[in-house]
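Visitor: I am new to this structure and would like to learn how the words used for it are justified. Could you take me through them slowly?

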Amino acid sequence: MKIVVCIKQVPVGAVKIDPETHNLVRSNVEGDINPYDRNAIEAAIQLKEQAGGEVILLSMGPDSYISSLRDGLAMGADSAVLLSSRAFGGADTLATAYTLAAGIKKIGNVDLILFGRQSVDADTGQVGPIVAEDLAIPQITFAENIELHDHNVLVVKRLLDNAVQEVKVTLPAVVSVRAELNQPRYENPLNIQTSFEKSVTIWSEKDLDLDDSQIGQAGSPTVVRKVYAPDKATKQMEQLPTDASKAVTQLLSELNN
């Protein structure tokens, strides 16, 4: 089974916004693997341990993203591909998904594409479903349990707000996973050392079959009109008496006002 896990590096600590484009500044910014993507990597490795095959990590971003790809390789992935070019800069979810789908097509013969539920910086959860649409294959979101039946059938439980839904899908497919799916494994020292022996391939727009009008800012219909920090609300604190009966009386009085 050939599994591609699409991961994203998210900023650690304070983030910076480009004053002209209103996009997050990602170059030379310390980052880490999006937490939900670690669950996707763990799911891929478990499926590989069950059925054999290979796990390939795929990401789009500046060269600094290689550090997160190395982290994923240390977890147990076999190889990684980074889509990196200035032409990809400023991409929204639509352009990002289009580029990732092109990368998956170039990898070729992929059985399963895994995503984390959403990224903790943008929080949209849109890229996985859009990739599925671009590849014209089935998709399942909010997976909290994945079971492989036979060699090409997955039975997936989706954890929704008020229900659990069981879905069966024939591969190839795209699945977005929840944190409830598993506990990602730690990167032990030996695996960290071994990760630097695994290949990380870098592709630009020249390596992919792309329509230039659909990548980067040119392919991004989303427009951020304004970015601003919310006003800090100041609140008056009043300490209640230490005597319980007096405290209750005063609290009830305040609530009734």
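**Terms set against their values**

Guide: Asn39 counts as buried, because its relative accessibility is 4% and buried means under 20% relative accessible area, with exposed over 50% and partly exposed in between (1.4 Å probe, protein chains only). Before we go on, please note that this is a predicted model, in which local features need pLDDT of at least 70 and side-chain atom pairs count only at pLDDT 80 or more, while totals for chains, interfaces and linings use all residues. Residues are numbered from 1 along each chain as its sequence is written, and side-chain values use heavy atoms, with hydrogens and water left out.

Visitor: Where is Asn39 placed, and what is Asn39 in contact with, leaving aside its neighbours within four places in sequence?

Guide: Asn39 belongs to helix α1, residues 35–51, where helices (H or I, at least four residues) and strands (E, at least two) are DSSP runs, numbered from the N terminus. Beyond those neighbours, Asn39 is in contact, meaning heavy atoms within 4.5 Å, with Val177, Arg178, Ala179, Leu181, Asn182 and Pro184.

Visitor: Is Arg158 called buried or exposed, and why?

Guide: Arg158 counts as buried, because its relative accessibility is 16% and the cut-off for that word is under 20%. Arg158 lies in strand β8 and, leaving aside neighbours within four places in sequence, has contacts that include Ile140, Thr141, Phe142 and Val164. The C-alpha atoms of Arg158 and Ile140 are 7.8 Å apart, although the two residues are separated by 18 places along the chain.

Visitor: What makes Arg185 and Glu42 a salt bridge?

Guide: Side chains of opposite charge can pair when their charged atoms come close. A salt bridge is a side-chain nitrogen of Lys or Arg within 4 Å of a carboxyl oxygen of Asp or Glu, and the side chains of Arg185 and Glu42 meet at 2.7 Å, N to O, so the pair fits the term. Arg185 lies in the loop between β10 and α5 (189–195) and Glu42 in helix α1, so this bridge ties together parts that are 143 residues apart in sequence. Of the two partners, Glu42 counts as buried at 3% relative accessibility, whereas Arg185 counts as partly exposed at 28%.

Visitor: How do you know that Asp78 and Lys48 form a salt bridge, and which parts does the pair tie together?

Guide: The closest N and O atoms of Asp78 and Lys48 are 2.7 Å apart, which is set against the limit of 4 Å. Asp78 lies in the loop between α2 (66–75) and β5 (79–83) and Lys48 in helix α1, so the pair ties together parts that are 30 residues apart in sequence. Asp78 counts as partly exposed at 27% relative accessibility, and Lys48 counts as partly exposed at 23%.

Visitor: How many salt bridges does a search of the whole structure find?

Guide: The search finds seven salt bridges. Asp121 and Lys8 also meet in a salt bridge, at 3.0 Å from N to O, and this pair links distant parts of the chain, with Asp121 in the loop between β6 and α4 (127–135) and Lys8 in the loop between β1 (2–6) and β2 (9–11), 113 residues apart. In addition, Asp32, Arg38 and Glu187 are linked in a network of salt bridges.

Visitor: What makes you say that the charged end of Lys106 sits over the ring of Trp203?

Guide: A charge sits over a ring if NZ of Lys or CZ of Arg is within 6 Å of the ring centre and within 35 degrees of the ring normal, and the charged end of Lys106 sits 5.2 Å from the centre of the Trp203 ring.

Visitor: Why is Asn109 called exposed?

Guide: Asn109 counts as exposed because its relative accessibility is 72%, set against the cut-off of over 50%. Asn109 is placed in the loop between α3 (93–107) and β6 (112–116), and has a positive phi of about 55 degrees although it is not a glycine.

Visitor: Is Asp150 called buried or exposed, and why?

Guide: Asp150 counts as exposed, because its relative accessibility is 68%. Asp150 lies in the loop between β7 (139–149) and β8 (153–159), with a positive phi of about 55 degrees although it is not a glycine.
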